[in-house]
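The following account is intended to be read with the sequence and the model side by side. Please keep both in view while following the paragraphs below.

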Amino acid sequence: MPSQSRQLRLPTSLALLLSIAFLALSTPVLATSPGAKENSKPDLICHTSDLADCYPRVFEATDEFRKVHDDQELPHGLHVRLNMNTGEKEAKINVPDEVDASLEGLPVEQDIVVVEPEARDDPVAPKGAPVYESAGKIKAPQHEAKAFVDAMKLLKAERGEHDPSFDASLEGLEELAHDMYYGLKIAEDPDVVKSLVCHMIQEPFPKAQGAESLPPRDQQAAAILAASLQNNPTALAEVSKQWPEILKHHCPQGMAPLSSELFRSIGPRPVKDNAEHTAAANLMKARVAAVGGLIKDPVIRADFLRSDLMGELARVLAREEKEWATAQRKAGLFAVDNFLDQDMGAVTGQWPIAPKLTDEQCEKAGWQTPEGCWDYHVARIARANKGDKGHWSRDLQARLAAARKGNPAPSHHVEL
């Protein structure tokens, strides 16, 4: 009886041992080969039950390049490369100053193979093909907004002195002007552009009853013009074509053509109290945005620069009331984006041109400061905000100094 029990237990034990061995070999684990300690053999990594597929945990380098498995450890100091044919990582014993025979005859710089591109001719457009326009075609809406049509009619009629619907139509037009189609339609109509410019620079009508909560018309007109040109090169091209005629236009209340009125009236207006400071500062922000859209055209830009644009904006920087802080920031970024920072599309070398004036001259000039006082007022604003390391004036001050150094204009005394 005891012998029979022993006979039954032996197969059971043998089966259990075989099952453990099979599981150990069939599971992809980090394994230690039998007798590793006695024979000092390396640890193996096995992903199958076939011992022939196992490989050392630590890569064993030779004099020849061999494949490195993703889960292998690489000792330091080996020559490692990526096989460009197979996409596999390979390594071997590093030999200093050894030249890779596979790279013989190829130009090599800093271990990077330089492959010369094949020469090819620039494509030539077929004869009669349409000219490529980078802005692309502007798609028209299925139905033009009635509010847009009505606002355009009112602008061309130069009406609305006591009509609150006129102010409401301007507010709706500003929203639509951001759309590329409506922005282009505004720019295409010379009468509308002339009306917007006139409203932007002229003293605003007293607000009609029922329109008290709406922005002033001069501010709205500037905002519409700015929105229609923003990121819309096709619209700007239309305004550029009309520009000579726009400058000949006489505004309803103007004594001179826009060639004089526009440039003379672009700067800040005299103000009396805090409420007027706020309104004047908001108007200047809108005007700066409108002029920023216009001067993307080189011809229009040249006209503004000849007519003391930057002197007018220096008078914005000269204001010391807190209500002008955001308008000053707008003027400062205008200078950076258009004249000082090439990464932002600026055309450098065009400004500053006027000589830098002394601190005494700029202090004496007050808010009627000329263009040569940009440096003084930017430095003054930077000092007032010295605790803010990211303040816009710090970047502008550095760029302005660099521009003066690269394009020096004599700093001398100028009678004001």
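A convenient place to begin is the lining of the largest pocket, to which α7 (217-229), α8 (233-248), α10 (274-294) and α13 (325-340) each contribute at least two residues. The model under discussion is a predicted one. The volume of this largest pocket is about 750 Å³. Its lining comprises 28 residues, and those nearest the centre of the pocket are Q230, A289, G292, G293 and K330. By chemical character, the lining residues of the largest pocket fall into 12 nonpolar, 10 polar and 6 charged.

The pocket may now be placed in the context of the whole chain. The protein contains 16 helices and 8 strands. It has 416 residues, 37% of which count as buried. When contacts between residues at least 6 apart in sequence are considered, 59% of them join residues at least 24 apart.

Helix α3 illustrates how a single helix is set into its surroundings. This helix covers residues 146-157, and at 1.5 Å a residue its 12 residues should span 16 Å; the end C-alpha atoms lie 17 Å apart, which agrees. The buried residues in α3 are F148, A151, M152, L154 and L155. Because they cover an arc of only 165° around the axis, these residues are placed on the same side of α3. On the face turned away from that buried side, α3 carries the exposed residues K146 and K153. The partners against which the buried residues of α3 pack are α4 (164-177), α5 (180-188) and α6 (190-201).

Helix α16 can be examined in the same manner. It runs over residues 392-406, and from the first C-alpha to the last this 15-residue helix reaches 21 Å, close to the 21 Å expected at 1.5 Å a residue. Within α16, W392, S393, L396, L400, A403 and R404 are buried. They lie on the same side of α16, because the arc they cover around the axis is only 95°. The exposed residues K405 and G406 are carried by the face of α16 turned away from its buried side. The buried residues of α16 pack against α12 (309-317), α13 and α15. Of these partners, α13 also supplies at least two residues to the lining of the largest pocket.

The packing of α16 against α15 leads to D375. This residue is found in helix α15, which spans residues 374-384. Is D375 buried or exposed? Its relative accessible area is 13%, and D375 is therefore buried, the cut-off for that class being under 20%. Residues up to four places away in sequence aside, D375 touches K356, L400 and R404. Both L400 and R404 are among the buried residues of α16.

A final stop is H250, which is situated in the loop between α8 and α9 (258-264). The relative accessibility of H250 is 44%, so this residue counts as partly exposed, a class that lies between the limits of 20% and 50%. With neighbours within four places in sequence left aside, H250 is in contact with M255, A256 and P257. Between H250 and S260, which are 10 residues apart in sequence, the C-alpha to C-alpha distance is 9.8 Å. The helix on one side of this loop, α8, is also one of those that supply at least two residues to the lining of the largest pocket.

Conventions. Residues are numbered from 1 along each chain as its sequence is written. This is a predicted model: local features need pLDDT of at least 70, side-chain atom pairs count only at pLDDT 80 or more; totals for chains, interfaces and linings use all residues. Side-chain values use heavy atoms; hydrogens and water are left out. Helices (H or I, at least four residues) and strands (E, at least two) are DSSP runs, numbered from the N terminus. The expected span of a helix is 1.5 Å times one less than its number of residues. Buried means under 20% relative accessible area, exposed over 50%, partly exposed in between (1.4 Å probe, protein chains only). The arc is that of the directions from the helix axis to the C-beta atoms. Contact means heavy atoms within 4.5 Å. On a 1 Å grid over the protein atoms alone, a cavity is a set of points where a 1.4 Å probe fits but cannot get out, and a pocket is an open set with protein on both sides within 12 Å along at least five of seven lines; lining residues have an atom within 4 Å of a point. Grid points are joined across faces, edges and corners, and a volume is the space filled by probe spheres set on the points. Ala, Val, Leu, Ile, Met, Phe, Trp, Tyr, Cys and Pro count as nonpolar, Asp, Glu, Lys and Arg as charged, and the others, Gly among them, as polar.
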